[in-house]
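Colleague: I am new to reading protein structures, and I would like to go through one with you, feature by feature. Could we begin once the picture is in front of us?

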Amino acid sequence: MSTFSFQTSVAVFALMTLHVSALDTFIAAVYEHAVILPNKTETPVSQDDALLLMNKNLDILERAIKQAAEQNAQIIVTPEDALYGWKFTRETIFPYLEDIPDPQTTWIPCEDPHRFGRTPIQARLSCLAKNNSIYILANIGDKKPCNSSDSTCPANGYYQYNTNVVYNKKGKLVARYHKYHLYSEPQFDVPEKPELVTFDTPFGRFGMFTCFDILFHDPAVTLVKDFHVDTILFPTAWMNVLPLLTAIEFHSAWAMGMGVNLLTANIHHVRLNMAGSGIYAPHSPKVYHYDVETGLGKLLLSEVDSHPRNSSAYPIAVSWSAYATTIKPFPVQKNTFRAFISKDMFNFTELFENSGNLTVCQKDLCCHLSYRMLRKEENEVYVLGAFTGLHGRRRREYWQVCTMLKCKTTNLTTCGQPVETALTRFDMFSLSGTFGTEYVFPEVLLTKIQLSPGKFVVLKDGRLVNKNGLSEPILTVSLFGRWYTKDSQSISGSTSNLAATYLLISTLLMIALQNIVMV
């Protein structure tokens, strides 16, 4: 047994103390990528041609990864579809796919690239993580052979999945996630059940899902509520939809509503309105980027709390309907009218005066607004709107929304249509609603599609209110609610309570075994 001198022991203890304190925070990075797309083709390219395109995109991602590592980032998220784009059939995507093994196999592709067949992309990602000592999340395609006697096995003998992979600082594959809620992705299959994927690091517990998954209960809510992740990694190819679902607007609201860090990496493709990435903390955005003027990618970095629930800035628990259900409703104006946001019919009432108190209802949802404008602009109209019901053409997801928004023109028929600029400033607003769900996401979007960090807060009784005085001109102030238990059962992600319980128990057991030794 070796012995230490007293001085050595003190020095070691001091170093350990510094190391532990450093783990209270970490540097996160996300990269918004202007993907190089393949040429349009109805016939599959060769594997070599597919690899050539993916390596061109990886050359760009490699520069971002190295730059992030040089700035002491411990983890970086790259976007969904970042290696090859999104316009494929089952046949044309196949040359881009690799067999991605279960992370429990303990594999460092950089050191053993041929263990699972032809895996050049996984090997390169692993080497990037290892050589730069950084965790990397990338989105690639997975192929899994199946038995033709299985009635669900596709004709080509493979299941094909939209897949996230994570490599740790040693290049080891530590996490794999197959996207569950696909959005117009005929090239990929839906997994049998939603996967609940987490991994532990010295700087917190992480979970991940992809793009459209964020609008559903599983896996998104379950990872936060039952698996207590600190940070969600979120690659996406998000098309912005005003007024309620721009990337920076909704993703920052989701982080606040769920009380976790959210690291969002979006594709940058201006023509398809794909833009907007950020690093979002539960109390406020740390950094975000929205650019539809250029075709350039963007690297974002920020220091983030490893365990945000332990932070003094962590938001208080909110009872979303507490205020709205206890007050006497404000007068409902006679000229309430209807108009669409996307394909949802909202009930609206106009903000006629410079200040006032208004209520508008739809079914059992009543939305209350108190407001004061600095000055009412003659050529701008604002309305208060309410919607509760199954959303959109598909009528599968149940929404409850209270929103104050600027109409596109002074013609009330344009209320709810996309608008990007405003002049009207508010020095006070308070929005609340009689929500039937506990899952509500607070949104404030300013002129030119900008966020309002530090300028609003949610009170424990469910009121979304401004703070620190006068706002920049406002496009929308919204409370976006998701009532998951009222979703249509035809949703691909719906599972019975028994199945969900089984999934939760089995995944928890896997995590317990996996975390005996922290990766």
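Modeller: Let us start with the names of the parts, since helices and strands here are DSSP runs, at least four residues for a helix and at least two for a strand, numbered from the N terminus. Please keep in mind throughout that this is a predicted model. With those names in hand we can place a residue: Ile449 lies in the loop between strand E20 (440-446) and E21.

Colleague: Is Ile449 buried or exposed?

Modeller: A residue counts as buried when its relative accessible area is under 20%. Ile449 has a relative accessibility of 1%, so it counts as buried. Its surroundings can be listed as well: leaving aside residues up to four places away in sequence, Ile449 touches Leu242, Thr246, Ile248, Tyr290, Glu420 and Leu475. Take Tyr290 from that list, which is 159 residues from Ile449 in sequence, while the two C-alpha atoms are 7.5 Å apart in space.

Colleague: What do burial and contacts look like for the whole protein chain?

Modeller: The chain has 519 residues, and 56% of them count as buried. Among its contacts between residues at least 6 apart in sequence, 71% join residues at least 24 apart. The chain contains 8 helices and 23 strands.

Colleague: How should I read a sheet, and what is the order of the strands in the open sheet of 6 strands?

Modeller: The general idea is that strands of a sheet pair through backbone hydrogen bonds, either parallel or antiparallel. In this model, the open sheet of 6 strands runs in the order E5-E4-E3-E2-E1-E12, and its pairing is mixed. Strand E5 (173-178) and strand E12 (298-305) are the edge strands, each pairing on one side only. From one strand to the next, the twist averages 35°. If you look at one edge, strand E4 (residues 158-167) pairs with E5 in the antiparallel sense over 5 bridges, and Tyr167 stands opposite Leu173 in E5. A helix also belongs in this picture, since helix H4 (residues 120-132) lies across strand E3 (135-145) and E4, running at about 160° to E3.

Colleague: Which strands does E14 pair with?

Modeller: Strand E13 (residues 337-341) pairs with E14 in the antiparallel sense over 5 bridges, and E14 is also joined to E17 by 4 bridges, again running antiparallel. For examples of facing residues, Arg338 has Asn347 in E14 as its bridge partner, while Thr349 stands opposite Leu384 in E17. The hairpin of E13 and E14 has 2 residues between the strands, and there Ser342 takes a positive phi near 55°. Strand E14 (residues 344-350) is mostly covered, with 6 of its 7 residues buried.

Colleague: How many salt bridges are there, and why does the pair of Asp99 and Lys144 tie together separate parts?

Modeller: The count comes to 19 salt bridges. In one of them the side chains of Asp99 and Lys144 meet at 2.6 Å, N to O. Asp99 lies in the loop between helix H3 (90-93) and H4, whereas Lys144 is in strand E3, so the pair ties together parts that are 45 residues apart in sequence. Asp99 itself is partly exposed, with a relative accessible area of 26%.

Colleague: Are the residues Lys406 and Glu380 buried or exposed?

Modeller: Both Lys406 and Glu380 are buried. Their side chains meet in a salt bridge of 3.2 Å, N to O. Lys406 lies in strand E18 (residues 398-406) and Glu380 in the loop between strand E16 (365-373) and strand E17 (382-390), so this pair ties together parts that are 26 residues apart in sequence. Salt bridges can also form a network, as those linking Asp59, Glu62, Lys66 and Arg124 do.

Colleague: Finally, how is empty space found, and which residues are closest to the centre of the second largest pocket?

Modeller: The general idea is that rolling a probe the size of a water molecule over the atoms shows where empty space is left. Here, the second largest pocket holds about 590 Å³ of space. It is lined by 28 residues, and those closest to its centre are Met256, Gly257, Pro315, Ile316 and Val318. Helix H5 (217-225), helix H6 (247-258) and strand E21 (456-458) each supply at least two residues of the lining.

Definitions and conventions: Residues numbered from 1 in each chain as written. Predicted model: local features only at pLDDT ≥ 70, side-chain atom pairs only at ≥ 80, totals over all residues. Heavy atoms only, no water. Pairing = 2+ DSSP bridges. Axes fitted to C-alpha atoms, helices over the stretch in contact; angles between N-to-C directions. Contact = heavy atoms within 4.5 Å. Salt bridge = Lys/Arg side-chain N within 4 Å of Asp/Glu carboxyl O. Buried < 20%, exposed > 50% of the residue type's maximum accessible area, 1.4 Å probe, protein only. 1 Å grid on protein atoms, 1.4 Å probe; cavity = no way out; pocket = protein on both sides within 12 Å on 5 of 7 lines; lining within 4 Å. Points joined across faces, edges and corners; volume = space filled by probe spheres on them.
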